[in-house]
Every structure is written in C-alpha cells, then in structure tokens.
Amino acid sequence: MELSAGSLGQGLGVAIGSALSAKLEDKNYRVYTILGDGELNEGSVWEAVMCASHYKLDNLVAIVDRNRLQIDGPTKEVMCLGDLTAK
C-alpha cells in the first residue's frame with residue numbers, strides 16, 4: 001500500500017496498523033515508512049513509537065529523512081532538540 005500522509009505524523013500510525021495486522025494474521029512481511037525529521041516533533045509520532053514498542057513490531061521499519069527542514073523553517077530553529085546533529 002502506498003500512502004501520502006503529509007507532515008502531521010499520521011503515516012507512522014498507518015504503518016503500525018499494517019504491521020500489527022501482519023502479526024495478527026501470521027503474515028511474513030515487513031512494513032516500511034518514511035518520516036521527515038520535522039515530522040518527529042508531532043506527538044502522534046511519539047505515541048505511535050510507543051505503540052510499536054508495546055506490540056514488539058519487529059516487522060516495522062521507520063526511515064527518517066534527516067533534511068533538517070520542516071514547514072516553518074530549519075528544524076534547529078523551529079524546535080531544537082539539543083546536539084543531535086549527526087553529520
């Protein structure tokens with residue numbers, strides 16, 4: 001399934017639903033999702049991460065596009081998370 005969820009953090013939740021469904025139906029496939037680094041500021045993303053951990057979704061792969069940008073500008077200026085600048 002392909003889904004364009006935008007910057008509100010909903011894509012990870014959909015991916016978790018797909019990964020959980022695969023586990024419950026005993027299917028052997030992985031679910032991949034791509035998140036922007038600015039999107040990681042959304043509370044829904046952190047709730048989704050906790051859900052994935054709770055259900056031990058080892059069939060879920062989240063890829064972060066670390067482009068250092070979000071809709072309002074550079075991520076460091078909008079919501080600085082300290083020195084997480086992996087170069």
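Two residues are in contact when they have heavy atoms within 4.5 Å. Keep that in mind as you show the whole chain: among contacts between residues at least 6 apart in sequence, 70% join residues at least 24 apart.

You are looking at a predicted model, where local features need pLDDT of at least 70, side-chain atom pairs count only at pLDDT 80 or more, and totals for chains, interfaces and linings use all residues. Residues are numbered from 1 along each chain as its sequence is written, and side-chain values use heavy atoms, leaving out hydrogens and water.

Now switch to cartoon view. The protein chain has 3 helices and 4 strands, in the order α-β-α-β-β-β-α along the sequence. Here helices (H or I, at least four residues) and strands (E, at least two) are DSSP runs, numbered from the N terminus.

Next, select E39. You will find E39 in the loop between strand 1 (31–36) and helix 2 (43–54). Is E39 buried or exposed? E39 is buried, meaning under 20% relative accessible area with a 1.4 Å probe, counting protein chains only. E39 has no salt bridge, that is, no side-chain nitrogen of Lys or Arg within 4 Å of a carboxyl oxygen of Asp or Glu. Select R66 too: this nearest side chain of opposite charge is 13 Å away from E39; Arg and Lys count as positive, Glu and Asp as negative, while His and the chain ends are not counted.

Finally, display G9. Its backbone nitrogen lies 3.4 Å from a polar atom of the E39 side chain. Leaving aside neighbours within four places in sequence, E39 also touches other residues, including G6, S7, I34 and V45.

Technical notes. Buried means under 20% relative accessible area, exposed over 50%, partly exposed in between (1.4 Å probe, protein chains only). A polar contact is a pair of N or O atoms within 3.5 Å; within protein, one must be able to donate a hydrogen and the other to accept it, and residues adjacent in sequence count only if both atoms are side-chain atoms.
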